[in-house]
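Me: I would like to go through this structure by question and answer. Please give the reasoning and end each reply on what was asked for.

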Amino acid sequence: MDKLIITCAITGAEVTKEINPAVPYTAEEMAESAYQAYLAGASIIHLHARYDDGTPTQEKERFKVLIDAIKVKCPNVIIQVSTGGAVGMSRDERLDVLNVNPEMATLDCGTLNFGGDDIFVNTENDIKYFAEKMNNLGVRYEMECFEKGHIDTTLRFIKKGVIKNHLHFSFVLGVRGGMTGEERDFLFLKESIPNNATYSVAGIGRYEFSLAELAIKHGGHVRVGLEDNIYIEKGVLTKSNRELVEKVVNLANKYGREIATPEETRRILEMEIK
Ligand code: KMH
Ligand code: ZN
């Protein structure tokens, strides 16, 4: 089994300090939170940009400030920028972040109701538009699938040659409007992707650690972080992203799964070593 790649989704676009004060907004907070997550074992930081008051943005200038601040503290870490941004942003607004020449980014592979009345829009044309831009710029992408239909869409695009890079899926499960994160859901998705693909799980809310454990056992990879879940255990707010990563490391230790460094992660995901 490959070593375990841990991604930490440190802030997201929706979660706020009102519901967990540990959610980082400022460059200093993001850099420190990313650094602590990295020290605990995260090799990829999944990054959304926000202004100091927490408002999400995809502006390249803000991403540059955040990435520079993180890289001062942990130059090696892989920064995976979000091209999902926040619900309601236009596709060109979402793609402004590609102007900072990121090492890695997300590619959201389908539309879904997002947590209530919101709709996170990713039409087939949008996916193609995003993938082609990233192909042209040489940006490595992780394919975010919130349900099985998104995997089927992705498989069609792989066949058509639109999706070209190493196949790395992220099963984001437990969003209200998407697929749940029960064991049967995980197994169904895992069996639906090509044999040569890698995958990571991102369990939303109460699914965070149960899915992490399944992925650890089955050879997948794991994403945790305040973007996805604000609790360290039922009813107890987590103190930090670091604490969430540490809990995954403890689970990995239980199953004898070693943790991948950023260099090892680049090799597993067949990324060019930067
Ligand atoms: N904020 C969500 C609407 C991504 O990062 O690519 C979308 C999201 C996905 O978080
Ligand atoms: Zn995200």
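Me: Which residue has its backbone oxygen 2.9 Å from a polar side-chain atom of R266?

Reply: This is a predicted model, and the contact is taken from its coordinates. A polar atom in the side chain of R266 lies 2.9 Å from a backbone oxygen, within the 3.5 Å allowed for a polar contact. The residue that supplies this oxygen is N76.

Me: Is R266 buried or exposed?

Reply: R266 is part of helix α9, which covers residues 262-268. Its relative accessible area is 3%. The limit for buried is under 20%, so with 3% R266 is buried.

Me: Which residue in the segment after α9 has a positive phi although it is not a glycine?

Reply: The segment that follows α9 holds a residue with a phi of about 50°. This residue has a relative accessible area of 53%, so it counts as exposed, the cut-off being over 50%. The residue is E270.

Me: Where in the chain is N101, and is it buried or exposed?

Reply: N101 sits in the loop between α3 (91-95) and β6. N101 is not a glycine, yet its phi is positive, at about 55°. Its relative accessibility is 51%, and over 50% is needed for exposed. N101 is therefore exposed.

Me: Which residues coordinate the zinc ion (ligand 2)?

Reply: The donor atoms lie 2.1 to 2.2 Å from the zinc ion (ligand 2). Along the chain the donors follow the spacing H-x1-H-x178-E. Two NE2 atoms and an OE atom take part, and they belong to H46, H48 and E227.

Me: How many residues apart are H48 and E227?

Reply: H48 and E227 are both donors to the zinc ion (ligand 2), and the pair links distant parts of the chain. H48 is in the loop between β2 (44-47) and β3 (49-50), while E227 is in the loop between β12 (221-224) and β13 (231-233). The separation is 179 residues.

Me: Is H48 buried or exposed?

Reply: The relative accessibility of H48 is 4%. As buried means under 20%, this value makes H48 buried.

Me: Which residue has a polar side-chain atom 3.1 Å from an oxygen atom of ligand 1?

Reply: Ligand 1 is surrounded by 13 residues, and the closest are E14, S82, G85, T106 and D108. An N or O atom in the side chain of S82 is 2.7 Å from an oxygen atom of ligand 1, and a backbone N or O atom of G84 is 3.4 Å from an oxygen atom of ligand 1. The side-chain contact at 3.1 Å is made by a residue that also coordinates the zinc ion (ligand 2), namely H46.

Me: Which elements give two or more residues to the lining of the largest pocket?

Reply: The largest pocket has a volume of about 640 Å³. It is lined by 29 residues, and E14, F114, V175, I204 and E227 are the closest to its centre. By class the lining has 12 nonpolar, 9 polar and 8 charged residues. The elements asked for are β6 (104-108) and β8 (118-120).

Me: What is the volume of the largest cavity?

Reply: The structure has 1 cavity of 30 Å³ or more. Its lining consists of M104, R140, Y141, N165, H166, H168, L269 and M271, which divide into 4 nonpolar, 3 polar and 1 charged residues. The volume is about 40 Å³.

How values were computed
Residues are numbered from 1 along each chain as its sequence is written. Chains are lettered from A and ligands numbered from 1 in the order in which they are written. This is a predicted model: local features need pLDDT of at least 70, side-chain atom pairs count only at pLDDT 80 or more; totals for chains, interfaces and linings use all residues. Side-chain values use heavy atoms; hydrogens and water are left out. Donors are N, O and S atoms within 2.8 Å of the metal (3.2 Å for Na, K and Ca); water is not among the atoms, so sites may look incomplete. Helices (H or I, at least four residues) and strands (E, at least two) are DSSP runs, numbered from the N terminus. Buried means under 20% relative accessible area, exposed over 50%, partly exposed in between (1.4 Å probe, protein chains only). On a 1 Å grid over the protein atoms alone, a cavity is a set of points where a 1.4 Å probe fits but cannot get out, and a pocket is an open set with protein on both sides within 12 Å along at least five of seven lines; lining residues have an atom within 4 Å of a point. Grid points are joined across faces, edges and corners, and a volume is the space filled by probe spheres set on the points. Ala, Val, Leu, Ile, Met, Phe, Trp, Tyr, Cys and Pro count as nonpolar, Asp, Glu, Lys and Arg as charged, and the others, Gly among them, as polar. A residue is near a molecule or strand if one of its heavy atoms lies within 4 Å of it. A polar contact is a pair of N or O atoms within 3.5 Å; within protein, one must be able to donate a hydrogen and the other to accept it, and residues adjacent in sequence count only if both atoms are side-chain atoms.
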